[in-house]
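Visitor: I am new to this structure and would like a close look at a single part of it. Please take the second helix and the places where it packs against other helices, and set it in the chain around it.

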Amino acid sequence: MNEWSIYSALGEAVAIRRKAIGLTQAQVAVKVGISRASIANIESGRQKVLLHQVYLFAEALKLRKFLTPVESRLF
């Protein structure tokens with residue numbers, strides 16, 4: 001798997017989840033703190049995503065538990 005295939009897969013997953021929960025690109029952009037154009041580029045695999053943005057995406061897409069540190073899930 002090359003670097004850009006990872007970003008492409010992430011972008012596709014973001015788009016699928018965003019649509020499934022009924023959010024627009026603009027709504028996700030506000031929650032993540034980036035432009036709507038950046039959301040479009042991320043969803044198409046043309047833009048890299050920083051690690052902290054992955055967490056913001058998880059929060060915006062209601063997947064926060066997925067990225068919660070293991071220690072906090074144990075208690």
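Guide: Of the 75 residues in the chain, 32% are buried. The model is a predicted one. The accessible surface of the chain is about 5,200 Å², and carbon and sulfur atoms hold 61% of that surface. The chain has five helices and zero strands. Read from the N terminus, its elements follow the order α-α-α-α-α. Among the contacts in the chain with a separation of 6 or more, 55% are between residues 24 or more positions apart.

The part you asked about is helix H2, residues 25–32. Two packed helices are described by the angle between their axes and the distance between the axes. Both values are available for H2 with H3 and for H2 with H4.

Take H3 to begin with. Helix H3 covers residues 36–43, and its axis and the axis of H2 come within 8 Å of each other. The two axes cross at roughly 105°. An angle of 65 to 115 degrees counts as roughly perpendicular, and H2 and H3 are therefore described as roughly perpendicular to each other. On the H2 side the contact involves Gln25, Ala26, Val28 and Ala29. On the H3 side it involves Arg36, Ile39, Ala40 and Glu43. Sorted by class, the residues of this contact are five nonpolar, one polar and two charged.

One of the H2 residues in that contact is Ala26. How buried or exposed is Ala26? Its relative accessibility is 40%, so Ala26 counts as partly exposed. Ala26 is 12 residues away from Ser38 along the chain, and the C-alpha atoms of Ala26 and Ser38 are separated by 9.8 Å.

Now take H4. Helix H4 covers residues 51–60, and the axes of H2 and H4 come within 9 Å. They cross at roughly 125°. Angles over 145 degrees count as roughly antiparallel and those of 65 to 115 as roughly perpendicular; H2 and H4 are therefore oblique to each other. The crossing of H2 past H4 is right-handed. From H2, the residues that make the contact are Val28, Lys31 and Val32. From H4, they are Leu56, Phe57 and Ala60. This contact has five nonpolar residues, no polar ones and one charged one.

Val28 of H2 takes part in the contact with H3, and Val28 also takes part in the contact with H4.

Beyond H4, the chain enters the loop between H4 and helix H5 (70–73), where Lys62 is found. Lys62 has a relative accessible area of 63% and is therefore exposed. Most residues other than glycine have a negative phi. The phi of Lys62 is near 60°, a positive value in a residue other than glycine.

Leu63 lies in the loop between H4 and H5 as well. With 34% relative accessibility, Leu63 counts as partly exposed. Apart from neighbours within four places in sequence, Leu63 is in contact with Arg17 and Ala58. Leu63 and Arg17 are 46 residues apart along the chain, and their C-alpha atoms are separated by 9.3 Å.

That leads to helix H1, residues 3–20, where Arg17 has its place. Arg17 has a relative accessibility of 27% and so counts as partly exposed. Outside its neighbours within four places in sequence, Arg17 is in contact with Leu61, Lys62 and Leu63. The C-alpha atoms of Arg17 and Ala58 are separated by 9.9 Å, with their positions 41 residues apart along the chain.

Ala9 is also placed in helix H1. Its relative accessible area is 41%, so Ala9 is partly exposed. Ala9 and Gly45 are 36 residues apart in sequence, and the distance from C-alpha to C-alpha is 7.3 Å.

To return to the part you asked about: H2 is roughly perpendicular to H3 and oblique to H4.

Conventions: Residues are numbered from 1 along each chain as its sequence is written. This is a predicted model: local features need pLDDT of at least 70, side-chain atom pairs count only at pLDDT 80 or more; totals for chains, interfaces and linings use all residues. Side-chain values use heavy atoms; hydrogens and water are left out. Axes are lines fitted to C-alpha atoms, for helices over the stretch in contact, and angles run from 0 to 180 degrees between N-to-C directions. Helices (H or I, at least four residues) and strands (E, at least two) are DSSP runs, numbered from the N terminus. Angles under 35 degrees count as roughly parallel, over 145 as roughly antiparallel, 65 to 115 as roughly perpendicular and the rest as oblique. A crossing is left-handed if the near helix is turned anticlockwise from the far one by less than a right angle, and right-handed if clockwise. Contact means heavy atoms within 4.5 Å. Ala, Val, Leu, Ile, Met, Phe, Trp, Tyr, Cys and Pro count as nonpolar, Asp, Glu, Lys and Arg as charged, and the others, Gly among them, as polar. Buried means under 20% relative accessible area, exposed over 50%, partly exposed in between (1.4 Å probe, protein chains only). Accessible areas come from the Shrake-Rupley method with a 1.4 Å probe; for residues, only the protein chains shown count as cover.
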